[in-house]
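Got the viewer open? Let's take a walk along the place where two chains meet, one selection at a time.

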Amino acid sequence: MKIAIYGDSYADYRYQPRNNKTWMHYLEDRLNTRVTSFAASGSGLYFSVKKYLETHGEFDKIIFIVTFPGRLYVSQTGTHLIHIPGISLANLVAETSDNLNEKKIFSAAADYLLYVQNYEEELFKHYCMLDRINHNSILKIPVSLDSLENYNGTTLTDISHIDYDYYQIDKANPKKDLRCCHMNQQNNKIFADKIYDWIQTGNFDFKVEDFKDPTESKDEIIDLVLYI
Amino acid sequence: MKIAIFGDSFGDDKINWKDQWEDVGPSWVDYLRQYHIIDNFSFGGSCLYYSKKKFDAVNLDLYDKIIFLVTQSMRRYQVVKEDSQESEKNWNLNTVISRMHQYPRNQRYLQTIHDFFVYMYNESDEYFHQLIIEDIIRKRNDTLMIYYQDLLKIQRLETNYWQRKGLDYLKFRDARKCHMNEENNLIFGKLVQNSLSETTIKIDENVFVTPKKEFSHYFRP
């Protein structure tokens with residue numbers, strides 16, 4: 001069985017601080033096969049949709065992590081960075097990059113996010129794009145409540161915030177996350193088990209109550225000095 | 001027949017003509033008004049998202065036919081908040097550049113839109129434009145879709161006739177209704193009337209005509 005995963009940092013296969021396993025590694029262990037992740041940290045929905053349209057035909061099962069609406073995609077030459085998840089990163093690159101083109105692109109992005117971006121339009125775009133993601137065996141998992149239209153259940157942000165709440169970490173002030181896929185190790189494993197069940201049975205039971213408080217220390221969860 | 005028209009200045013026959021320029025002849029929409037009840041939701045300068053918002057807000061079941069003028073993708077919708085007032089704006093690069101000189105107070109907004117077009121506009125915006133078109137057709141598959149590339153053929157036939165540089169036109173107000181001279185409005189009106197049972201329209205620029213009057217009739221200070 002061939003399994004593809006699309007999405008943002010909640011499905012970033014390569015980010016493994018302290019050699020921890022992501023939920024995708026746990027899933028591979030249970031399935032005894034490799035999965036293919038096209039996810040990229042910081043990416044917006046357009047990037048995932050583009051990857052999906054290019055590649056989904058080769059796969060039997062699709063796990064689509066649906067990111068926040070409103071993230072920007074860059075395809076201009078002059079920068080190797082193609083994802084702008086929000087204004088903090090846009091400002092950071094605009095201020096610190098030595099590359100003049102990159103500075104201009106990210107400065108334009110920061111201003112755009114501040115002065116122009118219209119959330120209603122972003123939601124409209126987001127749901128238009130999601131409508132085009134159809135596969136006979138696809139699981140769409142929301143990062144936020146707005147990720148899916150009229151959604152009111154558990155989100156991946158809820159799972160991530162279990163650790164923030166446990167250690168009373170300020171959610172509004174993003175710092176460097178030292179967890180795989182923004183979840184503690186136990187929760188990466190629990191999440192993998194839920195995905196495994198979906199692959200086997202077609203049922204996805206996703207409730208925040210099923211996830212656990214961290215056993216890691218606070219400084220294994222987040223670096224409070226470094227920004228993302 | 002009851003018809004709703006959505007689109008930009010190619011369909012907006014009211015923007016510049018309120019109480020002035022009574023010597024300018026009827027628009028192609030006026031031609032259709034002779035035979036049908038028309039609700040015209042077109043708005044000059046609007047982007048496709050803006051027109052689609054109007055389209056979504058209207059009860060389409062009230063109409064026997066929808067005509068949708070699909071504008072160019074390189075336009076942007078913005079809600080401007082100033083002095084606790086909100087207003088909707090639609091921009092393209094040309095309008096932004098001209099407004100930057102006229103309204104220095106809004107410089108920051110305008111510079112942002114300008115920089116968006118120069119540094120940020122990309123394939124994702126084109127893709128979204130295409131999704132809106134598909135969404136319109138999905139919602140009303142009998143919609144008569146008229147694409148700006150076709151309408152530009154008529155506009156260019158006229159502007160090329162004057163052999164002026166593009167920026168020259170920014171010094172004038174376009175007094176032509178829907179960017180077409182009177183004769184072409186009539187030709188286009190008939191073409192649309194004959195295409196009301198269709199979903200696309202084929203525009204052959206050879207059936208349209210070059211201007212018959214002085215430049216000052218069409219372009220005014």
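**Where chain A meets chain B**

Start by colouring the two chains differently and looking for charge pairs: across the interface of chain B and chain A there are 5 salt bridges. Keep in mind that this is a predicted model.

For a salt bridge to zoom in on, select K50(A) and E123(B): their side chains pair up, N to O, at 2.9 Å. Polar contacts turn up across this interface too, in 9 residue pairs with both partners at pLDDT 80 or more.

Now show just the chain B side. The elements giving it two or more residues are α2 (48-57), β4 (76-82), α4 (107-120) and α5 of chain B. Of these, α5(B) gives the most, with 9 residues. By class, that side has 13 nonpolar, 4 polar and 10 charged residues.

Next stop: the two α5 helices. Select residues 119-131 of chain A and residues 123-139 of chain B; the helices pack at about 75°, with axes 10 Å apart. That angle makes α5(A) roughly perpendicular to α5(B). Turn on side chains here: from α5(A) you'll find F124(A), C128(A) and M129(A) among the residues in contact, and from α5(B) the list includes Y127(B), F128(B) and L131(B). This helix contact has 7 nonpolar and 5 charged residues, and no polar ones.

Finally, zoom out. The whole contact takes 28 residues from chain A and 27 residues from chain B. About 2,600 Å² is buried between the chains, with 57% of that from carbon and sulfur atoms. On chain B, select Y119(B), M120(B) and Y127(B): they lose the most area to chain A, together 23% of what that side buries.

Definitions and conventions
Residues are numbered from 1 along each chain as its sequence is written. Chains are lettered from A and ligands numbered from 1 in the order in which they are written. This is a predicted model: local features need pLDDT of at least 70, side-chain atom pairs count only at pLDDT 80 or more; totals for chains, interfaces and linings use all residues. Side-chain values use heavy atoms; hydrogens and water are left out. Axes are lines fitted to C-alpha atoms, for helices over the stretch in contact, and angles run from 0 to 180 degrees between N-to-C directions. Helices (H or I, at least four residues) and strands (E, at least two) are DSSP runs, numbered from the N terminus. Angles under 35 degrees count as roughly parallel, over 145 as roughly antiparallel, 65 to 115 as roughly perpendicular and the rest as oblique. Contact means heavy atoms within 4.5 Å. Ala, Val, Leu, Ile, Met, Phe, Trp, Tyr, Cys and Pro count as nonpolar, Asp, Glu, Lys and Arg as charged, and the others, Gly among them, as polar. Buried area is the accessible area (1.4 Å probe) that two parts lose on being put together, summed over both. A salt bridge is a side-chain nitrogen of Lys or Arg within 4 Å of a carboxyl oxygen of Asp or Glu. A polar contact is a pair of N or O atoms within 3.5 Å; within protein, one must be able to donate a hydrogen and the other to accept it, and residues adjacent in sequence count only if both atoms are side-chain atoms.
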